[in-house]
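Let's take a walk through this model, beginning at the end of one helix and finishing inside the fold. Keep the structure open as you read.

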Amino acid sequence: MTPETERTPGNALPYSSDEVIGNFEALLASFDFTPDLDAMGIGKMQLFRRRRALFELRALFVALWRIALDKSLPGEGELVFEMFLSRYEDRHRKGKQTRQTLERVRQYVDLLLVKRDTDFTEVASHLVSFLRLGEAEAKALRLRLTLHIRSTYNLIFAKLL
């Protein structure tokens with residue numbers, strides 16, 4: 001699907017790639033990660049931990065969109081996703097931080113493509129690994145984050161188009 005092309009009735013959805021990407025960009029820009037940060041126990045005054053967690057959560061958000069695209073736009077999801085990443089890189093001046101963001105997004109995509117939308121435990125475990133927690137605390141947080149990630153995925157999927 002090219003940016004200029006809309007789907008035909010036989011292709012199910014009447015949205016162009018630009019519309020799908022624009023919708024996601026608006027969702028990403030307006031999304032509040034505060035509940036996730038709260039679940040992780042990261043307060044407003046923990047600036048370094050907060051910045052690191054937000055970096056991870058935003059990259060994960062984009063990766064969740066990728067698996068939602070695959071489910072909604074079989075065969076075209078990857079194309080739309082790559083178009084988004086290319087535009088993101090162009091818009092953010094191809095600097096070191098942009099490269100790191102895109103690299104992290106791709107790592108989350110690889111992690112998610114194994115189980116797709118059936119189990120987010122591995123991703124939650126990855127996020128918990130950034131925190132210094134005891135085993136019982138880490139286990140409880142993994143469960144909370146798994147539920148937060150599922151909720152976020154469901155929101156992305158619901159607002160995809």
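**From a helix end to the cavities**

Just after helix α4 comes Arg93, and its phi is positive, near 60°. Bear in mind that we're looking at a predicted model throughout.

Now step back into α4 itself, which runs over residues 77–91. Does its length add up? Counting 1.5 Å a residue, its 15 residues should span 21 Å, and because the end C-alpha atoms sit 21 Å apart, the expected and actual values agree.

Which residues of α4 are buried? They are Gly77, Val80, Phe81, Met83, Phe84, Leu85 and Tyr88. It helps to recall that an α-helix has 3.6 residues a turn, so residues three or four places apart point the same way. As for what lies over the buried residues of α4, the cover includes α1 (17–30), α3 (47–72) and α5 (96–115). Two of those helices, α3 and α5, turn up again below.

On to the empty space. Rolling a probe the size of a water molecule over the atoms shows where such space is left. Here there are two cavities of 30 Å³ or more.

The largest cavity has a volume of about 60 Å³. Its lining is made of Phe33, Asp36, Leu57, Leu60, Phe61, Leu64, His148, Ile149 and Thr152. Sorted by type, that's six nonpolar residues, two polar and one charged. Both α3 and α7 (135–158) supply at least two lining residues each, with α3 giving the most, four.

Pick out Thr152 from that lining and have a closer look. Thr152 sits in helix α7, and is it buried or exposed? Its relative accessibility is 9%, so Thr152 counts as buried, the cut-off being under 20%. Leaving aside residues up to four places away in sequence, Thr152 touches Phe31, Asp36, Phe61 and Leu64. Of these partners, Asp36, Phe61 and Leu64 also line the largest cavity.

The second largest cavity holds about 40 Å³ of space. Around it you'll find Leu111, Leu112, Lys115, Arg116, Asp119, Glu122 and Val123. This lining has three nonpolar residues, no polar ones and four charged. The helices that each supply at least two of its residues are α5 and α6 (121–128), and α5 gives the most, with three. So α5, which helps cover the buried residues of α4, also borders this second cavity.

Note on methods
Residues are numbered from 1 along each chain as its sequence is written. This is a predicted model: local features need pLDDT of at least 70, side-chain atom pairs count only at pLDDT 80 or more; totals for chains, interfaces and linings use all residues. Side-chain values use heavy atoms; hydrogens and water are left out. The expected span of a helix is 1.5 Å times one less than its number of residues. Buried means under 20% relative accessible area, exposed over 50%, partly exposed in between (1.4 Å probe, protein chains only). Contact means heavy atoms within 4.5 Å. On a 1 Å grid over the protein atoms alone, a cavity is a set of points where a 1.4 Å probe fits but cannot get out, and a pocket is an open set with protein on both sides within 12 Å along at least five of seven lines; lining residues have an atom within 4 Å of a point. Grid points are joined across faces, edges and corners, and a volume is the space filled by probe spheres set on the points. Ala, Val, Leu, Ile, Met, Phe, Trp, Tyr, Cys and Pro count as nonpolar, Asp, Glu, Lys and Arg as charged, and the others, Gly among them, as polar.
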